[in-house]
Amino acid sequence: MNIQDILKQLNIAADNQGVSTGTVWSEGKGARLESYSPINNDYLAATQHTTREAYDEVVEKARQAFKTWRTVPAPRRGEIVRQIGNKMREYKEPLGSLVSLEMGKSYQEGLGEVQEIIDICDFAVGLSRQLYGLTIASERPQHSMMEQWHPIGVVGIISAFNFPVAVWSWNAMLALVCGDVCIWKPSSKTPLCAIACQHIIAEVFKENNIEEGVCNLVIGDDAGPWLSGDQRIALVSFTGSTRVGRIVGQTVAQRFGKSLLELGGNNAIIVTESADLSMVLPGVVFGAVGTAGQRCTTTRRLIVQESVYDKTIEVLKNAYGQLRIGNPLDANNHIGPLIDENAVNTYLKAIETAKAAGGRVIVEGGRYTPEGYENGFYVKPCIIEAANDLDIVQEETFAPILYVMKYTTLEEAIELQNSVPQGLSSAIFTSNLREAQRFLSAEGSDCGIANVNIGTSGAEIGGAFGGEKETGGGRESGSDSWKAYMRRQTNTINYGNSLPLAQGIKFHI
Ligand code: UN1
């Protein structure tokens, strides 16, 4: 797959000319930002950092556009999103290829990301006719009460490298039908994917004569703090590390803005005595090594009942022995590269730290150099038996390291599963209804996502996505996550001829 061909199919010239009509992309003024493929560290193309001046212009355009966009009937906004979904269907292959090339995930997973965009577009189209509010019984005679949901304003979307297009779309497509306008700050490691999406949606906006400023793109790491600190940005949706999320959350809260945080996970799978090992195996292996361990939902801990521990480890060891590491565009490979050299070093350091703290290596990790890909960032997925309370096990390392541990009772397993600072995803493999229900109950998993006989990753867009504790508490994508992109207004209407006060208060004049 040749980058020039892909960019051509996506109508992007290598020098990245700007896009207008419906969309604003701040290009042409800042320092050069080069994009490289983690597959072999090949140069792909260059773009530019957004300057502060250009950023301010984008925000002003967005604010202007909001004044019109919020008045467009929601189903009509949904119609635009429907067309975006169709356009994404047309561009699925080249966009999926670009995701693979720039981020390093497999082509299948690249296509899967574009499929998530298509799915959330479909979801948002339906939603555009269902932005329902409640009616409420008033305590006063001849009064009625209701809730309305109004657009919130300019939404800043700061997305991470690991899902360079899907997570943006979860936010943007809901925000659009809700009547908001968006400013997207993609990861500086995957700017080309963002530019490609911007071009695709620009076609739709152009075909519908939508004024400039509804969807906007700013590039470069400075733009993140600008969005967080900017009073004009009503909602900042941030996906990334807990460390940065803590800063974003505090900065936005300081100015009484709203934030939606999707931060780190430290996801565990509990394997019980009655688990079906033929299902555990693909669930755990895909969860732990898929996307080279670079999903928020990656399985990082495996908590196994002592009676099936040896058997589970044996089966896993065997499966790990058959994993093929290499170019993710080759469908025979299971594991592609990490995103960059820093990620490799963090991975190597985590293994050393775990070993030094008493972890016992079950499947050896380390750097891996597939022939012909000497400049890529490949590592071997590894398994380490380690105690849950080790500092390194308590941390999220964005790499394919799986920590395994034993348990005796289910209470103990749940306690281990919950005893980490993060609370994104969790799973149990069991054929026992009581165990499954216990895990899903209020005394079970404390995570935003809890699955039975399914791994921790690969959530569908229809559910609300996000987690508790240091994962940040935000919910994106399906269910009623749309409410985060709107402001709620409570209306009380008096249709009588007198003015009774609430709570029966007497006030005579
Ligand atoms: C993320 O890693 O930020 O559930 C999102 C999953 C994907 C999304 C992951 N649908 O693994």
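## The enclosed cavity

In this predicted model, the largest cavity has a lining made up of G104, K105, S106, E109, T291, A292, P328, N333, H334, I335, G336 and P337. Sort those residues by class and you get four nonpolar, six polar and two charged. The space inside comes to about 60 Å³. A search of the whole structure turns up one cavity of 30 Å³ or more.

Where does this cavity lie with respect to the domains? Domain 1 (3–262 + 472–489) and domain 2 (267–464) both contribute residues to its lining, so the largest cavity lies between them.

## Where the ligand sits

Now for the ligand, which sits in the second largest pocket. Around the ligand you'll find E116, N162, F163, W170, E262, R295, C296, T297, S457, G458, A459 and F465. By class, that shell breaks down into five nonpolar, four polar and three charged residues.

The domains come up again here: domain 1 (3–262 + 472–489) and domain 2 (267–464) both give residues to the ligand's shell, so the ligand lies between them.

## Polar contacts and cover

Which atoms of the protein pair up with ligand oxygens? Take T297 to begin with: an N or O atom in its side chain is 2.6 Å from an oxygen atom of the ligand. With G458 it's the backbone that takes part, as a polar backbone atom of G458 is 2.8 Å from a ligand oxygen. A459 also uses its backbone, with an N or O atom there lying 2.7 Å from an oxygen atom of the ligand.

As for cover, the ligand on its own has 320 Å² of accessible area, and the protein covers 99% of that.

Methods:
Residues are numbered from 1 along each chain as its sequence is written. This is a predicted model: local features need pLDDT of at least 70, side-chain atom pairs count only at pLDDT 80 or more; totals for chains, interfaces and linings use all residues. Side-chain values use heavy atoms; hydrogens and water are left out. A residue is near a molecule or strand if one of its heavy atoms lies within 4 Å of it. A polar contact is a pair of N or O atoms within 3.5 Å; within protein, one must be able to donate a hydrogen and the other to accept it, and residues adjacent in sequence count only if both atoms are side-chain atoms. Accessible areas come from the Shrake-Rupley method with a 1.4 Å probe; for residues, only the protein chains shown count as cover. On a 1 Å grid over the protein atoms alone, a cavity is a set of points where a 1.4 Å probe fits but cannot get out, and a pocket is an open set with protein on both sides within 12 Å along at least five of seven lines; lining residues have an atom within 4 Å of a point. A molecule sits in a cavity or pocket if more than half of its atoms lie within 2 Å of its grid points. Ala, Val, Leu, Ile, Met, Phe, Trp, Tyr, Cys and Pro count as nonpolar, Asp, Glu, Lys and Arg as charged, and the others, Gly among them, as polar. Domain bounds come from an automatic or database domain assignment. Grid points are joined across faces, edges and corners, and a volume is the space filled by probe spheres set on the points.
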